[in-house]
Amino acid sequence: MDGTSMPDAAAPPTSPVQLSALLARRDLGLRQVAGPPAGEGDGAAVHWVHTSEMADPYPYLLGGELLLTAGVQLADDPDRYAARVVAAGGAALGFGLAPVYDTVPDALAAACDRHGLPLVEVPTRTPFTAVARAVWGLMAEARHHELRRVTQAQQGLAAAAARPDPVPAVLRQLATRLGGRAVLLAADGTVLQAAGREPEPGAREALATLARVVRPGAQPYPSPAPGAGPAGPRPAPASATDTAGSAHLAAYAVAGGEGLVLGVATTSREPGDHTIAGVAVVLLSLLTADRQGADEAARSSALVRLLLGSAPADVAPLLGAGPWTVVHAHGTGSPPALGSPLVDTSADPVRILLPADREVTRHPGWTLGLSAPAALRDLPAADAQAGRALRHAEATRAPLSRHGATGLAALLDPSEAAAHARTLLAPLGDPPPAALLDTLRTWLALHGSWDRTAVAMSIHRNTVRQRIGRCATLLGSDLDDMDVRTELWVALRRG
């Protein structure tokens, strides 16, 4: 039988856990018996925990797993087994003692040494579920540390932007937070300002080369076919990364000045670095703008207040009446900013507030839920819409889902629709329990699918059945009737 240990669906996305951190847990009693030592270099990074007793687990691995096995169907060729795990991208192999083996087979240990696969002995007293739980716990700690680090960096950068010498102050703060070098480059590659320690030889030139990648118009398209006309400029990306020796390089286009680029060189790349640098880019864009009128000054004030801890809804009035779009996001790695400084990473899901005319497309590694355009007074409702859209996207495995009042619902008078909805839903309670309403709304949105509703709401499918049955009893309606479903859906959407 093949099974996978998965984290709680409500857990926030987080960075991988180093195998060395797992080995340091004395309560587990894990011991590495083969493969490269966990403390060497960057060490093995565990993204998932997977349990398999297949003779060949290769088809079931995504890469980055700590694969746990008791060797029930360990093949006669341990070398091939280890090679297949490595080929699938497995991070490490955990071998459980008992009921099949009382020691780790010597042949398997030798194979893991040959293929560079860390092999960990799991003692009899430690169930595989305890190992999985420890991994998710370490991931939650890492996520908390990352969010705290990003929040502190945002506050430090905002305070630096308020200094009399804001540009060099922001660069100094950025270099300190990232532990490296931060430079502001002119359109011709000249270093205008710099802070932090000098990178290793060759990194400066490599960073200048990388800066040309994000500078608008610097990258031409490949030569066109004969007679097709001249090649135009290639749209420049907003950021780019590279390495030079042991130095990690990143370049970001600065929107405030003509052709300015922020370059960063560090000795390591940590979770949250991209988000911290993104805050610096926004601040530098504001600080290097040629002119700042009243609107731009209000935006600067709103940004600084946000970075110093104000909620997005509190600072939104400084940005104008809207309309605005609220975005909820789940994913891994650095949260997407979508070009907006109004990003709340302190909770799960990440919330982003941006002008309604801003185009939003899929973001690799993230699932997005978008509200309908909303005025300032309607932001709380838009926030709820974004949450429902995110749950719908996750249940349907879509990268992006939008909430929109379209079709028949858009033709109804809002006040009349609200009154009708209150009457129709009154049997559920006054006010109706949120759990019943959310379950009914999600179930209807997913065409009555018990399993997809359970996934979307992170509850058991039997709980979904119980709640929908309760709704049908209280409403005295047949929820299999399409007319009933349609009327309830319109009420839930417009009420």
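In helix 5 of this predicted model, the buried residues are Val167, Ala169, Val170, Leu171, Leu174, Ala175 and Leu178. The cover over these buried residues includes helix 4, strand 9, strand 10 (191-196), strand 15 and helix 7. The helix itself has 13 residues, which at 1.5 Å a residue should span 18 Å, and its end C-alpha atoms are indeed 18 Å apart. Gly179 follows helix 5 and has a positive phi, near 65°.

Two of the buried leucines of helix 5 reappear in the largest nonpolar core. This core has 28 residues, of which Leu157, Leu171, Leu174 and Leu262 touch the most other members. At least two core residues come from each of helix 4 (128-161), helix 5 (166-178), strand 9 (180-185), strand 14 (247-253), strand 15 (261-266) and helix 7 (273-287). Leu171 illustrates the packing: setting aside residues up to four places away in sequence, Leu171 touches Ala182, Val183, Leu184, Gln193, Ala194, Ala195, Leu262 and Leu284. Apart from this core lies another, of 22 residues, including Ala92, Val120, Ala132 and Ala134. In soluble globular proteins, nonpolar side chains tend to be buried together.

Helix 7, one of the contributors to the largest core, comprises 15 residues and reaches 21 Å from its first C-alpha to its last, close to the 21 Å expected at 1.5 Å a residue. Its buried residues are Asp273, Thr275, Ile276, Ala277, Val279, Ala280, Val281, Leu283, Leu284 and Ser285. Of these, Leu284 is a contact of Leu171.

Attention now turns to empty space within the model. Rolling a probe the size of a water molecule over the atoms shows where empty space is left. A search of the whole structure finds one cavity of 30 Å³ or more, with a volume of about 40 Å³. Helix 1 (19-23), strand 6 (65-69) and strand 8 (119-122) are the elements that give two or more residues to its lining. The lining residues are Leu19, Leu22, Leu30, Leu66, Leu68, Gly94, Val120, Val122 and Val131. By class, eight of them are nonpolar, one is polar and none is charged. Val120 is also a member of the core of 22 residues.

Another lining residue, Val131, leads to a nearby loop position. Thr126 lies in the loop between strand 8 and helix 4, and its contacts, leaving aside neighbours within four places in sequence, are Asp27, Leu28 and Val131. Thr126 counts as buried because its relative accessible area is 6%, under the 20% cut-off.

Two further loop residues call for notice on account of their backbone. Most residues other than glycine have a negative phi. Arg397, although not a glycine, has a positive phi of about 60°. Arg397 is placed in the loop between helix 10 (379-396) and strand 20 (400-402), and its relative accessible area of 81% makes it exposed. Ser458 likewise has a positive phi, near 60°, in the loop between helix 13 (450-457) and helix 14 (461-475). With 43% relative accessibility, Ser458 is classed as partly exposed.

These details belong to a protein chain with 15 helices and 20 strands. Of its 495 residues, 43% count as buried. Among contacts between residues at least 6 apart in sequence, 64% join residues at least 24 apart.

Terms used:
Residues numbered from 1 in each chain as written. Predicted model: local features only at pLDDT ≥ 70, side-chain atom pairs only at ≥ 80, totals over all residues. Heavy atoms only, no water. 1 Å grid on protein atoms, 1.4 Å probe; cavity = no way out; pocket = protein on both sides within 12 Å on 5 of 7 lines; lining within 4 Å. Points joined across faces, edges and corners; volume = space filled by probe spheres on them. Helix = DSSP H or I, 4+ residues; strand = E, 2+ residues; numbered from the N terminus. Nonpolar A, V, L, I, M, F, W, Y, C, P; charged D, E, K, R; others polar. Core = buried A, V, L, I, M, F, W, Y, C linked by side-chain atoms within 4.5 Å. Buried < 20%, exposed > 50% of the residue type's maximum accessible area, 1.4 Å probe, protein only. Contact = heavy atoms within 4.5 Å. Expected span 1.5 Å × (residues − 1).
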